[in-house]
Amino acid sequence: MSTEKLDRRDELEALLPFYLNGTLSDDEREAVERWLASDPAAAIALEEAEAEYSAAAMGNEAIRPPADALSRLSAALERESGPPRLARTSWLKRVGGWFAAPSSGLAWGAAALAVALLAAQTVWISTRDANDYSVAGSGVEQVQLPFVLVSFNDEAPISEVTGVLQSLQLEIDAGPLPGGVYRIVLPVSGAADYDRLAAELEAQPLVARVIAGARPKAE
Amino acid sequence: MNPFDLSQHTEERAKRAKPGMKAQSNQLSDRELVAQAARGERAAVRLLFMRHHARVYRFVMRQTGSETMADDVANEVFLEVWRQAPRFEGRAEVSTWLLGIARYKALSALRRRREQALDEGQAEAVEDGADTPEVTAMKDDKGTALRRFIDNLPEEHRTVIDLAYYHGKSVSEIGEILAIPVATVKTRMFYARKKLGEALKAAGYDRGWP
């Protein structure tokens with residue numbers, strides 16, 4: 001029954017709800033409008049569609065979702081590890097993963113390689129231009145960006161946290177990291193700006209703690 | 001090169017900004033939230049939940065008629081978002097994607113319930129001897145009667161009515177959500193509206209068509 005092909009007039013009838021919700025293509029909209037302008041029955045059909053629109057809205061809005069659904073979702077989310085994520089994994093985690101590998105030979109080999117890499121990196125850092133700085137092991141973008149580590153009050157609603165960060169034109173760059181802290185990049189040009197913005201962040205009631213991360217050198 | 005040059009950082013951040021992000025907007029788009037979820041940010045899933053849960057819950061409630069099932073399925077939809085976010089390709093609106101997941105999970109839940117009922121030897125539906133929808137509607141005003149008639153439409157018809165009128169979906173989006181051709185969406189809509197017209201007429205309300 002529902003798969004019969006509609007004639008043109010029936011199809012226009014079927015399109016009226018989509019005319020009302022504004023999702024028709026230009027061609028379809030113009031066809032409906034031509035029909036509405038030429039057929040008195042079309043105007044009555046449109047009135048009925050408007051009544052159906054209100055009735056469907058009332059029927060749906062009368063259904064009240066449970067008030068505690070968000071807290072239950074949050075609890076379930078915390079239990080879910082989720083799939084492999086798109087975010088880059090830090091070198092520290094990767095090295096940790098090697099240590100945790102089941103093959104002890106492979107783990108010790110990886111450890112030796114990591115120690116050698118660390119030593120090489122230390123030598124490289126100590127011999128390079130003193131005006132540069134870097135955060136060992138961070139991604140390319142983070143190497144150059146000053147950041148702080150921030151923890152928020154446990155009861156802080158996420159929407160308010162987002163609002164506070166947006167008001168300061170900041171965003172969470174990574175987290176939660178071990179210890180429940182978030183890394184927030186500070187778009188500043190010097191140490192004074194860094195200190196000012198970090199203090200501004202710390203003054204927010206939702207913020208529990210601000211820990212200095214990569215800070216530009218004083219000018 | 002000064003690593004603390006503000007303009008340089010701004011440019012870098014702009015390069016890293018997601019497509020479609022509005023520079024002055026205080027609110028992240030649904031797609032941006034899905035992208036954040038894909039990077040492992042649970043907070044983004046919570047924000048999507050706050051935006052869409054009520055509609056998803058109502059959609060499932062209308063499909064299943066069960067508050068318990070609607071609650072379970074609606075929560076499961078957002079956990080699925082968390083699991084599937086890295087695979088979201090952005091071809092459909094996020095709300096359409098959510099309703100598609102909800103539809104699939106609601107049908108699965110209904111199928112499980114039917115199997116369980118059969119196992120337990122229960123009747124699927126019990127006639128209660130109450131008034132027919134048409135008789136009851138004679139006691140209502142036209143708007144209330146129409147709402148009752150929509151509630152009593154066969155599920156496949158009620159769903160296209162809800163998706164178009166309440167969820168604001170297009171013909172092709174409804175086709176995606178229900179996994180049916182657009183021609184079928186139109187025929188279902190036509191017959192849904194025809195049935196509403198007939199029911200109104202039987203209840204004594206005049207209707208211009210069919």
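Here are a few exercises, with worked solutions, on how chains A and B meet in this predicted model.

**Exercise 1: Size up the interface**

Work out how many residues of chain B are in contact with chain A, and how much area the two chains bury.

*Solution.*
- Start with the contacts: 70 residues of chain B touch 73 residues of chain A.
- Next comes the area. The size of an interface is often given as the accessible area lost when the parts come together.
- Here, chain B and chain A bury about 6400 Å² between them, and 62% of that is on carbon and sulfur atoms.

**Exercise 2: Take stock of the polar side**

Count the salt bridges between chain B and chain A, then find what B:Lys142 pairs with.

*Solution.*
- Nine salt bridges run between chain B and chain A.
- One has A:Glu48 and B:Lys142 as its partners, with 3.2 Å from N to O. That fits the cut-off of 4 Å, so the pair counts as a salt bridge.
- Polar contacts get their own tally: 19 residue pairs between chain B and chain A, both residues at pLDDT 80 or more.

**Exercise 3: See what chain B brings**

Find which helix of chain B gives the most to the side that touches chain A, and split that side by residue class.

*Solution.*
- Several helices of chain B supply at least two residues each, among them helix 1 (6-16), helix 4 (67-84) and helix 10 (182-202).
- Helix 3 gives the most, with 13 residues.
- By class, this side of chain B has 34 nonpolar, 14 polar and 22 charged residues.

**Exercise 4: Classify two aromatic pairs**

Take the pairs A:Tyr53 with B:Tyr165 and B:Phe49 with B:Phe78; give the geometry of each and say where the rings sit.

*Solution.*
- A search of the whole structure turns up four aromatic pairs over all chains.
- For A:Tyr53 and B:Tyr165, the centres are 5.5 Å apart with 70 degrees between the planes. Edge-to-face needs over 60 degrees, so this pair qualifies.
- The pair crosses between chains, going from helix 3 (residues 40-61) of chain A to helix 8 of chain B.
- Now the exposure: A:Tyr53 is partly exposed, because its relative accessibility is 30%, whereas B:Tyr165 is buried at 1%.
- B:Phe49 and B:Phe78 are edge-to-face too, at 5.0 Å centre to centre and 65 degrees between the planes.
- This pair links distant parts of chain B: B:Phe49 belongs to helix 3 and B:Phe78 to helix 4, 29 residues apart.
- As for burial, B:Phe49 has a relative accessible area of 4%, so it counts as buried. B:Phe78 is buried as well, with 0%.

Conventions
Residues are numbered from 1 along each chain as its sequence is written. Chains are lettered from A and ligands numbered from 1 in the order in which they are written. This is a predicted model: local features need pLDDT of at least 70, side-chain atom pairs count only at pLDDT 80 or more; totals for chains, interfaces and linings use all residues. Side-chain values use heavy atoms; hydrogens and water are left out. Contact means heavy atoms within 4.5 Å. Buried area is the accessible area (1.4 Å probe) that two parts lose on being put together, summed over both. A salt bridge is a side-chain nitrogen of Lys or Arg within 4 Å of a carboxyl oxygen of Asp or Glu. A polar contact is a pair of N or O atoms within 3.5 Å; within protein, one must be able to donate a hydrogen and the other to accept it, and residues adjacent in sequence count only if both atoms are side-chain atoms. Helices (H or I, at least four residues) and strands (E, at least two) are DSSP runs, numbered from the N terminus. Ala, Val, Leu, Ile, Met, Phe, Trp, Tyr, Cys and Pro count as nonpolar, Asp, Glu, Lys and Arg as charged, and the others, Gly among them, as polar. Rings of Phe, Tyr and Trp (its six-membered ring) pair if their centres lie within 6.5 Å; planes under 30 degrees apart count as stacked, over 60 as edge-to-face and the rest as tilted. Buried means under 20% relative accessible area, exposed over 50%, partly exposed in between (1.4 Å probe, protein chains only).
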